[in-house]
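Hi,

Here's the structure I said I'd pass along. Have a look, and my notes on what turned up are underneath.

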Amino acid sequence: MPETGTSGTAKGETAQGGGGRNAEAVSKFVESFAAQLVEAGMQRMSARVFAALLSSDEGAMTSAELGEQLRISPAAVSGAVRYLAQQHLVSREREPGSRRERYRVHSDQWYEAVTSREAVLKRWEASLREGVTSLGPGTPAGRRMAETLAFFEFLDGELVALMQRWRAHRDRTFGP
């Protein structure tokens, strides 16, 4: 990752940047995509950090690099990364010979994030089964709970097949 100056443009890089990157356009993308992630329910700072990592050529940045690019504090980076790691959207790795951590997005981060939801769905299904039993399957609330349970069971089964189809499509499109 190139060292950046106070303007957010890499030192020695013009507005078009090395490799044809336009630093201003990248910054606009990061903020725009982050805003869309926030609308979908992600925390604002986490969305900004994720978009910055996703748009970096290496797919990895240190806390200092993220802080400088996004103009946020180390504490804000730390909190955002903690949330993103819990959601399986980023991973932490140590720089060899250093105590510094780099935060990385992987090409399969969406796959990992979706498939990690299986455990959550299973817990919801168990709770909903208990709810159906507690409320009584013949009551209006019990029927509503049973329909919700059926939806999550259906979704769980479909996700497995969908992820298998995705892996095959990804291999055809991008190689194994």
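How many cavities of 30 Å³ or more does the structure hold? The answer is one. Before you read on, bear in mind that this is a predicted model.

First, that cavity. About 30 Å³ of space lies in the largest cavity. If you want to find it on screen, pick out S27, V30, E31, Q69 and L70, which line it. Two helices each supply at least two residues of this lining: α1 (residues 23-39) and α3 (residues 63-70). Of the contributors, α1 gives the most, with three residues. As for chemistry, the lining of the largest cavity is a mix: two residues are nonpolar, two are polar and one is charged.

Now the sheet. It's an open one with three strands, in the order β1-β3-β2, and the pairing is antiparallel. The edges are taken by β1 (60-62) and β2 (91-94); each has a single partner strand, so one side of each is left without a neighbour in the sheet. Neighbouring strands here are turned by 35° against each other on average, ignoring direction.

If you'd like a place to zoom in, try the pairing of β1 with β3. The strand β3 covers residues 101-104, runs antiparallel to β1 and is joined to it by three bridges. Within that pairing, T62 stands opposite R102 of β3.

That's what I have on the cavity and the sheet. Shout if anything looks odd on your screen.

Cheers

Definitions and conventions: Residues are numbered from 1 along each chain as its sequence is written. This is a predicted model: local features need pLDDT of at least 70, side-chain atom pairs count only at pLDDT 80 or more; totals for chains, interfaces and linings use all residues. Side-chain values use heavy atoms; hydrogens and water are left out. Two strands pair if DSSP finds at least two bridges between them. Helices (H or I, at least four residues) and strands (E, at least two) are DSSP runs, numbered from the N terminus. Axes are lines fitted to C-alpha atoms, for helices over the stretch in contact, and angles run from 0 to 180 degrees between N-to-C directions. On a 1 Å grid over the protein atoms alone, a cavity is a set of points where a 1.4 Å probe fits but cannot get out, and a pocket is an open set with protein on both sides within 12 Å along at least five of seven lines; lining residues have an atom within 4 Å of a point. Grid points are joined across faces, edges and corners, and a volume is the space filled by probe spheres set on the points. Ala, Val, Leu, Ile, Met, Phe, Trp, Tyr, Cys and Pro count as nonpolar, Asp, Glu, Lys and Arg as charged, and the others, Gly among them, as polar.
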